[in-house]
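The following exercises concern strand pairing, core packing and the setting of a single residue. Each task is followed by a solution in steps.

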Amino acid sequence: MRQIPVDTSGATLMVAQPPQTKVANRQTGQVAVDRDSGETMWTVDVLFVMNGSAEVVTVAVPEPGISGELAMGTPVALTGLVARPWENEFNGQKRHGIAFRAVAVTSLAAAGSASEAA
């Protein structure tokens with residue numbers, strides 16, 4: 001599957017919705033797991049602000065990659081963010097989009113507080 005690295009160096013990133021367990025099957029409630037590590041996957045809605053435009057994107061992250069307090073509005077860093085185009089057919093309807101995944105999402109709130117205290 002093609003992965004496209006996403007450069008977030010010029011963007012402001014904030015938590016729009018705190019982490020939630022990613023569900024693989026909504027009908028059964030089956031939780032999504034990483035195919036390689038077997039870790040539980042989580043999703044975090046992140047407000048991505050760049051060049052005067054803002055968009056909320058949902059980012060999938062393995063559970064060990066979630067660190068710090070990730071409350072709404074918390075500034076964050078996304079490590080290893082990639083975009084993956086996808087396409088499927090469900091009930092005769094073709095759908096497509098872009099899925100985002102990161103190795104880690106880290107709160108920058110503690111780093112900012114430590115800098116201010118110094």
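**Exercise 1. Strand pairing**

Task: Determine how strands β5 and β6 are joined, and identify the bridge partner of W42 in β6.

Solution. The model is a predicted one. Step one: β5 spans residues 41-50 and β6 spans residues 53-62; the two run antiparallel and are joined by ten bridges. Step two: within β6, W42 is bridged to V61.

**Exercise 2. A hairpin and its neighbour**

Task: Describe the pairing of β9 with β10, and then that of β9 with β1.

Solution. Step one: β9 (residues 82-90) and β1 (residues 4-5) are antiparallel, with two bridges between them. The partner of I4 in β9 is A83. Step two: nine bridges connect β9 to β10 (residues 93-101), again in the antiparallel sense. One of the bridged pairs is F90 with Q93 of β10. Step three: two residues separate β9 from β10 in a hairpin, and N91 in the turn has a positive phi of about 55°.

**Exercise 3. The sheet as a whole**

Task: State the strand order of the six-stranded sheet and name its edge strands.

Solution. Step one: the order is β1-β9-β10-β6-β5-β2, in an open sheet with mixed pairing. Step two: β1 and β2 (12-21) are the edge strands, since each pairs on one side only.

**Exercise 4. The nonpolar core**

Task: Which residues have the most contacts inside the largest nonpolar core, and which elements give two or more residues to it?

Solution. Step one: the largest nonpolar core comprises 15 residues, and those with the most contacts inside it are L13, V46, V59, V76, L78 and V105. Step two: β2, β5, β6 and β8 each give two or more residues to this core. Step three: take L78 as an example; leaving aside residues up to four places away in sequence, L78 touches T8, L13, V46, V59, A104 and V105. As a general background, nonpolar side chains in soluble globular proteins tend to be buried together.

**Exercise 5. The setting of T74**

Task: Is T74 buried or exposed, and what surrounds it?

Solution. Step one: T74 is located in the loop between β7 (66-67) and β8 (76-79). Step two: the relative accessibility of T74 is 10%. Buried means under 20%, so T74 counts as buried. Step three: a polar atom of the T74 side chain lies 2.7 Å from the backbone oxygen of A71. Step four: not counting residues up to four places away in sequence, T74 touches L13, M14, V15, E69, S107 and A109.

Note on methods:
Residues are numbered from 1 along each chain as its sequence is written. This is a predicted model: local features need pLDDT of at least 70, side-chain atom pairs count only at pLDDT 80 or more; totals for chains, interfaces and linings use all residues. Side-chain values use heavy atoms; hydrogens and water are left out. Helices (H or I, at least four residues) and strands (E, at least two) are DSSP runs, numbered from the N terminus. Buried means under 20% relative accessible area, exposed over 50%, partly exposed in between (1.4 Å probe, protein chains only). A polar contact is a pair of N or O atoms within 3.5 Å; within protein, one must be able to donate a hydrogen and the other to accept it, and residues adjacent in sequence count only if both atoms are side-chain atoms. Contact means heavy atoms within 4.5 Å. Two strands pair if DSSP finds at least two bridges between them. A nonpolar core is a set of buried Ala, Val, Leu, Ile, Met, Phe, Trp, Tyr and Cys residues joined through side-chain atoms within 4.5 Å.
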